[in-house]
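Load the model in your viewer and set it to a cartoon with side chains available on demand. The stops below say what to select and what is found there.

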Amino acid sequence: MSDALKVARTEVQNLSRCEAEFELLLKAHRIPFAREVRFHPSRRWRFDFVILKTADGDPNELKIAVEIEGGIFVQGRHNRGLGMQGDCVKYNAAQVEGWRVLRYTTGQIHGQCVEDINDLIKMS
């Protein structure tokens, strides 16, 4: 197995672990959410997390999304040229559709994120 493949596998495992951790954090704070939600009418883009008003709520009601950005220290997809361009297109399209997108690195999920989410919920 090549070194690049090993790094990519580790990155996916860490991101999956981080997303699982973030999911537990949302549950601990009783913030309803949905995973891997498509938001665009014609593209296959998905958000990692969408915050819901209620546990069985409509993902389009609050239009609050959270993206966990992985691989930022290992030249992952999100910080290489084409990946960054693609992210810009995706996040700009989300903005045009009325979404508020919070972006966090794997190292930031235990910081300000729950407070940021609650602030956006209050503003809705």
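Start by selecting residues 64–69, strand S3, together with strand S4: the two pair in the parallel sense over six bridges. This is a predicted model. Within the pair, show Ala65; the residue opposite in S4 is Val101.

Now widen the selection to the whole sheet. The sheet is open and has four strands in the order S1-S2-S3-S4, with mixed pairing. Select 33–38 for S1 and 100–105 for S4: these are the edge strands, and each has a single partner strand, so one side of each lacks a neighbour in the sheet. Ignoring direction, neighbouring strands here are turned against each other by 35° on average.

Next, add residues 113–123. This is helix H4, which lies across S2 (46–51), S3 and S4. Relative to S4, the helix runs at about 175°.

Turn to the aromatic side chains. How many aromatic pairs does a search of the whole structure find? The search finds six. For one of them, select Phe39 and Trp99: the pair is edge-to-face, with 6.4 Å centre to centre and 70° between the planes. Phe39 sits in the loop between S1 and S2, while Trp99 sits in the loop between helix H3 (81–96) and S4, so this pair ties together parts 60 residues apart in sequence.

Are these two residues buried or exposed? Phe39 has 6% relative accessibility and counts as buried. Trp99, at 1%, counts as buried too. Add Trp45 and Phe47 to the selection, and one aromatic cluster made of Phe39, Trp45, Phe47 and Trp99 is on display.

A further ring to show is Phe49, along with Arg35. Arg35 lies over the face of Phe49, at 4.3 Å from the ring centre.

Finish with the cysteines. The structure holds zero disulfides. Select Cys18 and Cys113 to see why no bond is assigned to Cys18: Cys113 carries the closest cysteine sulfur, and at 9.1 Å from the sulfur of Cys18 it is too far for a bond. The cut-off for a disulfide is 2.5 Å between the sulfur atoms. Cys18 is buried, with a relative accessible area of 6%. Select Cys88 as the last stop: this residue is partly exposed, with a relative accessible area of 45%.

Definitions and conventions
Residues are numbered from 1 along each chain as its sequence is written. This is a predicted model: local features need pLDDT of at least 70, side-chain atom pairs count only at pLDDT 80 or more; totals for chains, interfaces and linings use all residues. Side-chain values use heavy atoms; hydrogens and water are left out. Two strands pair if DSSP finds at least two bridges between them. Axes are lines fitted to C-alpha atoms, for helices over the stretch in contact, and angles run from 0 to 180 degrees between N-to-C directions. Contact means heavy atoms within 4.5 Å. Rings of Phe, Tyr and Trp (its six-membered ring) pair if their centres lie within 6.5 Å; planes under 30 degrees apart count as stacked, over 60 as edge-to-face and the rest as tilted. Buried means under 20% relative accessible area, exposed over 50%, partly exposed in between (1.4 Å probe, protein chains only). A charge sits over a ring if NZ of Lys or CZ of Arg is within 6 Å of the ring centre and within 35 degrees of the ring normal.
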